[in-house]
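I opened a new page for this chain. The plan is to go from the whole fold to its parts and write down what I find.

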Amino acid sequence: MTEPTPTVDMEKLVSLCQRRGFIFQSSDIYGGLNSCWDYGPLGVELKRNIKEAWWRMMVQGHDDVVGLDASILMHPHVWEASGHISSFSDPLVECKECHQRWRADQLEGDRCPSCSGELTEPRQFNMMFKTFMGPVEEDAAVVYLRPETAQGMFVNFQNVVNTTRKRLPFGIAQIGKAFRNEITTGNFIFRSREFEIMEIEFFVKPGTDKEWFDYWVGERFNWYVKLGIRRENLQLRPHEEDELAHYASKCSDIEYLFPMGWSELEGIAKRDDFDLRQHQEHSGKSLEYYDDDTKEHYLPYVVEPAAGVDRAVLAFLCDAYTEEPDKDEVRVLLRFHPDLAPIKVAVLPLSRKENLTVFAKDVYADLRPQWAVSYDDTQSIGRRYRRQDEVGTPYCVTVDFDSLEDKRVTIRERDTMNQIRVPVAELKNTLQTKLNGEDLFVLPPGGEVWKVERE
Ligand code: ATP
């Protein structure tokens, strides 16, 4: 079997993201802030759609999972109990010549990758960002920006049990920002110091944790496939004993074939009762669960699927990126799953003549309450189709002079460039069924196949 190769190179993707308003360098006009990124008008829609698809399938789609939105700043004792103050560190080495800093465990060889200078001995560098609560900058006021969202769910475990009456097994899900003072960042949005996580802490009866671990590995892997990532660009990588995080007894990464090679997209970890036990000890509050069936008190075990939102954005962008020969040129398109596409439909009047504009604007106004729709009347229709292809819009609706007479418009599909013509009265329903996955050529009442030849 031949190894798959990455589908796009990073430079092309970064350039498209900047040019079309997906992702900008943070504080660009000041020269940028290293490894910080801003999501532009299209990027924010893509990111929102990814988070919504996660919430819909993981929270709404599982009647045993409930949501939470915990505060980023937490009591400093949380991080002592969780082990982050003592163990959330990476080995740092510094070049004695150029003073660049590197993560020792990511280096090949024992010299500086930048100038081949000699490196210092590794020392542990804690990755939590520190700040101060209140007006006085003193040790007693130190708080941390959370490096993961998980602890918010552990410390709320009893609150959720008491308020929802959920019985084991059940999960708490959360999407939110996390901050890590990474030693080295890079590969665009793959590794930054401020990022978002979508994660579930799934609490189970000890002894059933292995089955639940396998269940969540399957659920999470299939989520990416359902949303369009090609199976061959995903792989599971179980962790070796010596690379497990301090809280985990078992872990598998879902890796994606990013432009720089196979890298972690999501980790599914078996945390057992590590966190609840630690918080119980440090807070002095019982976090035990009372099992009505067995009449026992015990600390549940935990399975945690933790996915990076920004890494998911990058993976969906990479996997969607396609170049196709197009006469003498190249057609660039983003083959996003319709649920993820930032814009679902573009309305394109063939000309700017007033009567056509009025008609097209009515169509646009009618679609907007339902979807993210764009309106474009500049340049040739061919150029406009290409612009929509490049940002992944699944359907264009073209309004032409015949539309004024026959009250029909043309729907053009991004991936095949096929077209059908449908009555305006059927447009919304037709788009809805196509966006839900129906074949373009299943025609609505009064519709017809308009063109099948390539543009
Ligand atoms: P890595 O080994 O790449 O540093 P990790 O194993 O420390 O990641 P986790 O603690 O499991 O990561 O965090 C859960 C998820 O959060 C990761 O699978 C990844 O998608 C995302 N993530 C972690 N660190 C970063 C970062 N610096 N920038 C962007 N996303 C991140």
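Entry 1, contacts along the chain. I took the contacts between residues at least 6 apart in sequence, and 64% of them join residues at least 24 apart. I note here that the model is a predicted one.

Entry 2, the whole chain. I looked up the extent of the C-alpha trace, and along its principal axes it spans about 75 × 65 × 55 Å. The chain holds 13 helices and 24 strands. Of its 455 residues, 34% count as buried.

Entry 3, domains. The domain assignment gives domain 1 (50-75 + 146-317) and domain 2 (343-451). I checked the distance between their C-alpha centres, and domain 1 and domain 2 are 41 Å apart by that figure.

Entry 4, the core. Which residues have the most contacts inside the largest nonpolar core? I found V313, L314, F316, V347, V363 and V397, in a core of 93 residues. Helix α9 (residues 309-320) gives the most to this core, with 9 residues. The core takes at least three residues from each of domain 1 and domain 2.

Entry 5, one core residue. I picked V363 and left aside its neighbours within four places in sequence. V363 is then in contact with V347, V397, V399, V409, V424 and L427. Two of these partners, V347 and V397, are also on the list of residues with the most contacts inside the core.

Entry 6, helix α9. I wanted to know whether its residues are buried or exposed. Of the 12 residues of α9, 12 are buried. The buried ones include charged residues, D310, R311 and D319 among them, and also V313, L314 and F316.

Entry 7, the length of α9. I checked the span by reckoning 1.5 Å a residue, with one less than the number of residues as the multiplier. For the 12 residues of α9 this should come to 16 Å, and the end C-alpha atoms are 16 Å apart, so the two agree.

Entry 8, the ligand. How many residues surround the ligand? I found 16, and the closest are F195, G267, A306, G308 and R311. The elements giving two or more residues to this shell are β10 (194-204), β13 (261-272), β16 (301-308) and α9. Strand β13 gives the most, with 4 residues. I sorted the shell by type and got 5 nonpolar, 3 polar and 8 charged residues. R311 is thus on two of my lists: it is among the closest to the ligand, and it is one of the buried residues of α9.

Definitions and conventions: Residues are numbered from 1 along each chain as its sequence is written. This is a predicted model: local features need pLDDT of at least 70, side-chain atom pairs count only at pLDDT 80 or more; totals for chains, interfaces and linings use all residues. A nonpolar core is a set of buried Ala, Val, Leu, Ile, Met, Phe, Trp, Tyr and Cys residues joined through C-beta atoms within 7 Å. A residue is buried if 20 or more other C-beta atoms lie within 10 Å of its own, exposed if 12 or fewer, and partly exposed in between; C-beta atoms are placed from the backbone. Domain bounds come from an automatic or database domain assignment. Two residues are in contact if their C-beta atoms, placed from the backbone, lie within 7 Å. A residue is near a molecule or strand if its C-beta atom, placed from the backbone, lies within 6 Å of it.
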